[in-house]
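Biologist: I have a model open and want to learn how to read its features one at a time. Where should we begin?

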Amino acid sequence: MEVAHSGPVSALTLGLPQSSAIPQGKGMLPKQMFFGKAGISARLKQHLVNDISDITALSVLRPSNVPVQESGSLKEILIVAVMLNADNPPLDALEHIARLRPSGILFVCTRRRDDLYESALAVRRAIPARAGHVQQSMMHVGRWIPSKTLRLIVNGGTANTMDSIWESLNAQAILGSTNAEGLDERISRRNRIAELRAGEAKLTKDHARAKDPTQRNETYAKLHKVRTELGKLESLEQPE
């Protein structure tokens, strides 16, 4: 059976079971199907039309083809390839597509660089919210790697239900790790580290430019505080 593909990427190149692969000719998803009867904003439509070349469903993971226990809230996971015309994925377009399907969608975004194809995983994930607060979600995009080296792991560790496979795929997309333990805390820590590194770079420049001694001291105190917090958080990071 010929399987659906997007450029060099298919369910088989990703290491997914052939039984989960969508046949060639049935995977192409016309962009028009995501415009919706109620219409979408002009900006979102522009991103769908201009930034995305084509959208292809590559695989549907189910308990019948992974295999895992038929338990948990998630019944299936759809692996969707997005071939880009732009340098980076249009996050609003991906989020719009993800919202239209109740089951999980893992996006494999691919771009071409001369003769090289690069791919990055993207996923929409709920942000932990306190009781009584509105649940929100956020799109995450992983790092770019050569498409020919990209693999997905669906049968390792404790991933023995569709829910646990989804968490593992989220970890692979966001952190480059199959380990989903404490995932939300690790994502939050990574985000905070990125913020602190940006703040450290700015304060370092401000300190170097400051002429007034009082201003230099105040800036250094802020810089020291940032570096202290950054050091504590980075010490908690484990190699993925």
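Modeller: Begin with a charged pair. This is a predicted model. In it, the side chains of R125 and E167 form a salt bridge, with N and O 2.9 Å apart. R125 belongs to strand β6 and E167 to helix α3 (residues 162-175), so the pair ties together parts 42 residues apart in sequence.

Biologist: Is R125 buried or exposed? And how does E167 count?

Modeller: Relative accessible area decides it, and under 20% means buried. R125 has 9%, so R125 is buried. E167 has 25%, so E167 is partly exposed.

Biologist: How many salt bridges does the structure hold?

Modeller: The structure holds 14. Take D87 and R113, whose closest N and O atoms are 3.1 Å apart. D87 sits in the loop between β4 (77-84) and α2 (91-99), while R113 is in strand β5; 26 residues separate this pair, which links distant parts of the chain. D87 is partly exposed at 47% relative accessibility, and R113 is also partly exposed, at 29%.

Biologist: Which residue does R111 meet in a salt bridge?

Modeller: E118, at 2.9 Å from N to O. R111 counts as buried because its relative accessibility is 12%. E118 is buried too, with 18%.

Biologist: Now the strands. Which way do β5 and β6 run, parallel or antiparallel?

Modeller: To read a pairing, look at direction and at the bridges. Strand β5 (residues 104-113) and strand β6 (residues 116-127) run antiparallel, joined by eight bridges. F107 has A122 in β6 as its bridge partner. The two strands form a hairpin with two residues between them. In that turn, D114 has a positive phi of about 55°.

Biologist: What else pairs with β6?

Modeller: Strand β7 (residues 136-141) runs antiparallel to β6, over six bridges. There, I127 stands opposite Q136. Strand β8 (residues 145-146) also pairs with β6 in the antiparallel sense, over two bridges. S119 has I145 of β8 as its bridge partner.

Biologist: Next, a helix. How far apart are the end C-alpha atoms of α5?

Modeller: Compare the expected span with the distance in the model. Helix α5 (residues 213-236) has 24 residues, so at 1.5 Å a residue the helix should span 34 Å. Its end C-alpha atoms are 35 Å apart, which agrees.

Biologist: Which residues of α5 are buried?

Modeller: T219, L223, V226, L230 and L233. They pack against α4 (183-209). Look at the N-terminal end as well. D212 caps α5 there, with a side-chain oxygen 3.1 Å from the backbone nitrogen of T214.

Biologist: And α4 itself? Is E185, in that helix, buried or exposed?

Modeller: The cut-off for exposed is over 50%. E185 has a relative accessible area of 57%, so E185 is exposed. Also compare sequence with space. E185 and P128 are 57 residues apart in sequence, yet their C-alpha atoms are 9.4 Å apart.

Biologist: What about a buried charge? Which side chain of opposite charge is nearest to K31?

Modeller: D54, at 7.9 Å. A salt bridge needs the nitrogen and oxygen within 4 Å. K31 is buried yet has no salt bridge. Check the backbone next. The K31 side chain reaches the backbone oxygen of L48 at 3.5 Å.

Biologist: Where is K31 found, and which residues is K31 in contact with?

Modeller: K31 is in the loop between β2 (9-10) and α1 (42-51). Leaving aside neighbours within four places in sequence, its contacts are L48, V49, I52, S53 and I55.

Biologist: Now step back. How many helices and strands does the chain have?

Modeller: Five helices and eight strands. Along the sequence, the pattern reads β-β-α-β-β-α-β-β-β-β-α-α-α. The C-alpha trace spans about 70 × 45 × 40 Å along its principal axes.

Biologist: What share of the residues counts as buried?

Modeller: Of the 240 residues, 42%. Contacts add another view. Among those between residues at least 6 apart in sequence, 61% join residues at least 24 apart.

Notes. Residues numbered from 1 in each chain as written. Predicted model: local features only at pLDDT ≥ 70, side-chain atom pairs only at ≥ 80, totals over all residues. Heavy atoms only, no water. Pairing = 2+ DSSP bridges. Helix = DSSP H or I, 4+ residues; strand = E, 2+ residues; numbered from the N terminus. Expected span 1.5 Å × (residues − 1). Buried < 20%, exposed > 50% of the residue type's maximum accessible area, 1.4 Å probe, protein only. Contact = heavy atoms within 4.5 Å. Polar contact = N/O pair within 3.5 Å; in protein donor to acceptor, adjacent residues only side chain to side chain. Lys, Arg positive; Asp, Glu negative; His and termini not counted.
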